[in-house]
Amino acid sequence: MKKQFSFLISMAGAIIIFSSCQKKLDLPADREAAGTPLPGQTTYCRIESIWENPNTPQQKFILILYDEYENPVAVTTPVPSTGHPYKTFKYDGWHRLKEYRGEYGNGFFEFWHVYGYDNQGRIGWDTLYTLGRMGATPTDFLGKSVSEIQYDSQNRIIKVITTQWLPPSSTPTVSTYMYDGAGNKVYPPGFGITYDNKQNVNRTNDIWQFLNRDYSMNNPFTANEYNSAGFPTKINSSRNYGFLNEINLQNSQISYSCRPAYW
C-alpha cells in the first residue's frame with residue numbers, strides 16, 4: 001500500500017510538470033506544439049480526467065498524462081488492484097506505441113502488450129502477456145497470446161486473429177469489426193445503439209481508437225452535455241460504454257484541454 005501511495009503522489013507531481021513546462025516541438029516560432037489531432041478537426045482536445053460515477057460510493061477519479069508529442073504515458077487509478085491496474089505506455093524512437101502495460105506497482109503486472117508494425121507503419125502484431133513479473137521483459141507470466149491485426153483502406157481495424165500460446169490452444173479466435181456509411185461501428189442486432197451527431201470520445205487520440213477498437217465518428221449514446229468542440233463532457237446513459245476495457249463511461253464526467261488544431 002505504501003508503494004501504491006507513493007506512485008499516486010508521483011503521478012500528481014507529473015501533472016504539474018506536464019502542465020507547467022510542456023516542451024515545444026521544432027515548429028515555427030508562432031505555433032505551439034502541434035500534437036496529433038485526427039484529420040478533419042479544427043480544434044484538438046485531449047482527455048485530462050474521467051470522473052466515474054461522480055458523488056456516489058462507487059466514484060473513481062482517473063487522470064491521463066501525456067508526453068510533449070500528445071501521446072498518453074499513464075492512466076492513473078485510485079488504488080491499483082486486480083481488474084484496476086494503473087496503465088503505462090512506452091514508445092519507440094519514432095514515437096510509435098511499442099508497449100501498453102497494466103501494472104500493480106508491486107513488481108507484478110496484469111497485462112503487458114508488445115506491438116510490432118507492418119510495412120505500412122500500422123500495428124500489425126500484438127503479443128500479450130498476462131499475470132507476470134515486471135522486468136526488462138515480462139517474466140513468470142501465466143498467459144501469452146499473439147494477435148494479427150488487419151485494417152481496411154481507412155486504416156480502421158476490421159479483423160483480429162488471436163492465437164493462444166500459453167495455455168496452448170490450436171484454435172485461433174477471430175474478432176471482426178464493420179462500419180456503416182456514416183463511419184460508425186456496426187453493432188450486432190438487438191444492441192439498441194443510437195448514435196449522436198457529435199465527436200466520438202475516441203477521436204481525441206488515435207491510440208484510444210486502436211485500444212478501444214472503435215474508430216466511429218459519433219458516440220453510441222447521447223450525452224447530457226458536450227464541450228464547444230463537440231466531445232461529450234457529462235454522460236448519464238442506460239448503456240455501459242467502456243473505455244480501455246475497464247473505465248465505465250455510463251455515468252461519468254470527462255474533462256478536456258483544447259486548442260486550435262495546427263497541421
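## Close-up views of a predicted model

**View 1. Glu-99, a buried residue in a strand.** Glu-99 sits in strand β5. Before you zoom in, keep in mind that this whole structure is a predicted model. Is Glu-99 buried or exposed? Its relative accessible area is 16%, so Glu-99 counts as buried, the cut-off being under 20%. Now follow its side chain. One polar contact, at 2.6 Å, goes to the side chain of Arg-101. Another, at 3.1 Å, goes to the side chain of Trp-112. If you skip the neighbours within four places in sequence, Glu-99 is in contact with Thr-88, Phe-89 and Lys-90, and also with Trp-112, His-113, Val-114 and Tyr-115.

**View 2. Glu-103, another glutamate of strand β5.** Stay in strand β5 and slide along to Glu-103. Glu-103 is buried, with a relative accessible area of 10%. Which residue does its side chain join through a polar contact of 2.6 Å? The partner is Thr-88, again through its side chain. Thr-88 also turned up in the previous view, among the contacts of Glu-99. Leaving out neighbours within four places in sequence, the contacts of Glu-103 are Pro-80, Pro-85, Tyr-86, Thr-88, Phe-108, Phe-109 and Met-134. Here's a distance to try for yourself: from the C-alpha of Glu-103 to the C-alpha of Thr-82 it is 9.6 Å in space, with their positions 21 residues apart in sequence.

**View 3. Cys-45 and Cys-258, joined by a disulfide.** How many disulfides does the count give? The count comes to one. Its partners are Cys-45 and Cys-258, with their sulfur atoms 2.0 Å apart. Cys-45 belongs to strand β1 and Cys-258 to strand β15, so the link ties together parts that lie 213 residues apart in sequence. A disulfide, by the way, is a covalent bond between two cysteine sulfur atoms. Look along the S-S bond and you get 110 degrees, which goes with a right-handed link between Cys-45 and Cys-258. The two ends sit in different surroundings: Cys-45 is buried at 0% relative accessibility, whereas Cys-258 is partly exposed at 40%.

**View 4. The largest nonpolar core, with Ile-47 inside.** This core has 38 residues. Which of them have the most contacts inside it? They are Ile-47, Trp-208, Phe-210 and Leu-249. Several elements each give two or more residues to the core: the strands β1 (43-52), β2 (60-66), β5 (97-103), β6 (108-117), β8 (143-151), β9 (157-166) and β15 (251-260), plus the helix α2 (206-212). Of these, α2 gives the most, with four residues. In soluble globular proteins, nonpolar side chains tend to be buried together. Now center on Ile-47. Beyond its neighbours within four places in sequence, Ile-47 is in contact with Ile-64, Tyr-66, Val-201, Thr-204, Trp-208, Phe-243, Ile-254, Ser-255 and Tyr-256.

**View 5. Asn-53, Asn-155 and Pro-167, three loop residues with unusual backbone geometry.** Most residues other than glycine have a negative phi, and most peptide bonds are trans. Asn-53 isn't a glycine, yet its phi is positive, at about 50 degrees. You'll find Asn-53 in the loop between β1 and β2, and at 17% relative accessibility it counts as buried. Asn-155 has a positive phi too, about 60 degrees, and isn't a glycine either. Asn-155 lies in the loop between β8 and β9; with 41% relative accessibility, it is partly exposed. What kind of peptide bond joins Leu-166 and Pro-167? That bond is cis, with an omega of about -10 degrees. Pro-167 itself is in the loop between β9 and β10 (173-176).

**View 6. Residues 1-35, and the chain as a whole.** Over residues 1-35, pLDDT stays under 50. The model does have 43 contacts beyond four places in sequence for this stretch. Go easy on it, though: where pLDDT is low, the predicted coordinates should not be read in detail. Zoom out, and the protein chain averages a pLDDT of 87, with 86% of the residues scoring at least 70. The protein chain has two helices and 15 strands. Of its 263 residues, 46% are buried. Its accessible surface comes to about 13,800 Å², and carbon and sulfur atoms hold 55% of that.

Note on methods:
Residues are numbered from 1 along each chain as its sequence is written. This is a predicted model: local features need pLDDT of at least 70, side-chain atom pairs count only at pLDDT 80 or more; totals for chains, interfaces and linings use all residues. Side-chain values use heavy atoms; hydrogens and water are left out. pLDDT is the predictor's confidence in each residue, from 0 to 100. Contact means heavy atoms within 4.5 Å. Buried means under 20% relative accessible area, exposed over 50%, partly exposed in between (1.4 Å probe, protein chains only). Accessible areas come from the Shrake-Rupley method with a 1.4 Å probe; for residues, only the protein chains shown count as cover. A nonpolar core is a set of buried Ala, Val, Leu, Ile, Met, Phe, Trp, Tyr and Cys residues joined through side-chain atoms within 4.5 Å. A disulfide is a pair of cysteine sulfur atoms within 2.5 Å. A polar contact is a pair of N or O atoms within 3.5 Å; within protein, one must be able to donate a hydrogen and the other to accept it, and residues adjacent in sequence count only if both atoms are side-chain atoms.
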